[in-house]
Amino acid sequence: MEQSKLIQAINKQKQEIKVSITLKQESQRFTILLFNALFDQNTEAEKALIELEALFLKIRNIACPEIKDTPCKTWDDFTKNIPDLFCSLKKDAIAIFNNDPAAESIEEIYLAYPGFFAISIYRMAREFFKLGLPLIPRLMTEYAHQLTGIDIHPGAQIGNSFFIDHGTGVVIGETSEIHDNVKIYQGVTLGALKVKKQLKNIKRHPTIEKNVVIYANASILGGQTVIGENSIIGGNTWLTASIPKNSKVLHTPELQIITKSDK
């Protein structure tokens, strides 16, 4: 293809699908700077907040061109919520420390635990999600997903003292509700039973009540599915119906052990 025709074809494609990679890249930069501003001793808070506001206005203008360069109340609303955000994240870190015998210190939680990082970015993105910002909250949580393998939609409602152990492969859908003191392991899916576009505004994902433990690779599906408080969901289980509080659900496959003498 001639270069002029190729350029014309590329430009036509860009007109039909208007995507800004800058928005994605700057949202990622915003996300990590925000995390560092809140937790890193070597990041000067005042300087970081000035940079963050400017960066936020930049990505907001790209995501919301209809309000470009207008006064931004959203950033001020977010900063007002930072004390509550600190409180929530501190409870998450303490829950991880108290429940994981491998954790040597709170500092280790903040620095080395992918579950804590993913929860932190989710809680930050959730604040912007509640303020009605399009796309930016999703880009924030998808950045955490990219780094940790933990996929939490910013629309999910998650209570206090949440613990994701190990974390790789965890999926928490948009309309999930997770109450206080819940612990989940790697590979857990809180998903939809049916995936249809017309179900967009309907609760599609399960509710997990307080003090529930969900072990590795369990799948819990459906908007009407409720896991009662104080329950334990064993690894590799598949649930599409509610269970009462204080339940224990186990997956017990038939195992066959063959020794050399049996051959």
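Which residues does S176 touch, not counting residues up to four places away in sequence? The first legend answers this, and every view is drawn from a predicted model.

**View A. Surroundings of S176 in the loop between β4 (171-172) and β5 (177-178).** Not counting residues up to four places away in sequence, S176 touches A156, Q157, L190, H205 and P206. The side chain of S176 also reaches the backbone oxygen of G173, at 3.0 Å. The relative accessibility of S176 is 1%, so this serine counts as buried.

**View B. Surroundings of S247 in the loop between β13 (238-239) and β14 (248-249).** The side chain of S247 reaches the backbone oxygen of P244 at 2.6 Å. With neighbours within four places in sequence left aside, S247 is in contact with N230, S231 and I232. S247 counts as buried because its relative accessibility is 16%, and the cut-off for buried is under 20%.

**View C. N230, a residue other than glycine with a positive phi.** N230 lies in the loop between β11 (226-227) and β12 (232-233), and S247 is in contact with N230. The phi of N230 is near 65°. Most residues other than glycine have a negative phi. N230 has a relative accessible area of 33% and is therefore partly exposed.

**View D. N217 in the loop between β9 (213-214) and β10 (219-221).** N217 is a residue other than glycine, and its phi is positive, near 65°. At 41% relative accessibility, N217 counts as partly exposed.

**View E. The largest pocket and its lining.** About 500 Å³ of space lies in this pocket. The pocket is lined by 23 residues, and those closest to its centre are R138, H153, E174, R204 and H205. H205 is also one of the residues that S176 touches. At least two lining residues come from each of α8 (136-148), β4 and β7 (189-191). By class, the lining of the largest pocket holds 11 nonpolar, eight charged and four polar residues.

**View F. The second largest pocket, with a volume of about 280 Å³.** Its lining is made of 13 residues, and F35, F39, E107, Y110 and L111 lie nearest the centre. Each of α2 (21-39), α6 (106-112) and α7 (114-130) supplies at least two lining residues. Which helix gives the most to this lining? That helix is α6, with five residues. The lining of the second largest pocket divides into nine nonpolar, two polar and two charged residues.

**View G. Helix α7 and the residue G132 just after it.** From its first C-alpha to its last, α7 reaches 24 Å over 17 residues, close to the 24 Å expected at 1.5 Å a residue. Is α7 largely enclosed or largely open? Of its 17 residues, 14 are buried, so α7 is largely enclosed by the rest of the structure. α7 also supplies at least two residues of the lining of the second largest pocket. Just after the helix, G132 takes a positive phi of about 85°.

**View H. C87 in helix α5 (residues 82-99).** C87 has a relative accessible area of 39%, and is therefore partly exposed. I152 is 65 residues apart from C87 along the chain, and the C-alpha atoms of the two residues are separated by 20 Å.

Note on methods
Residues are numbered from 1 along each chain as its sequence is written. This is a predicted model: local features need pLDDT of at least 70, side-chain atom pairs count only at pLDDT 80 or more; totals for chains, interfaces and linings use all residues. Side-chain values use heavy atoms; hydrogens and water are left out. Helices (H or I, at least four residues) and strands (E, at least two) are DSSP runs, numbered from the N terminus. Buried means under 20% relative accessible area, exposed over 50%, partly exposed in between (1.4 Å probe, protein chains only). A polar contact is a pair of N or O atoms within 3.5 Å; within protein, one must be able to donate a hydrogen and the other to accept it, and residues adjacent in sequence count only if both atoms are side-chain atoms. Contact means heavy atoms within 4.5 Å. On a 1 Å grid over the protein atoms alone, a cavity is a set of points where a 1.4 Å probe fits but cannot get out, and a pocket is an open set with protein on both sides within 12 Å along at least five of seven lines; lining residues have an atom within 4 Å of a point. Grid points are joined across faces, edges and corners, and a volume is the space filled by probe spheres set on the points. Ala, Val, Leu, Ile, Met, Phe, Trp, Tyr, Cys and Pro count as nonpolar, Asp, Glu, Lys and Arg as charged, and the others, Gly among them, as polar. The expected span of a helix is 1.5 Å times one less than its number of residues.
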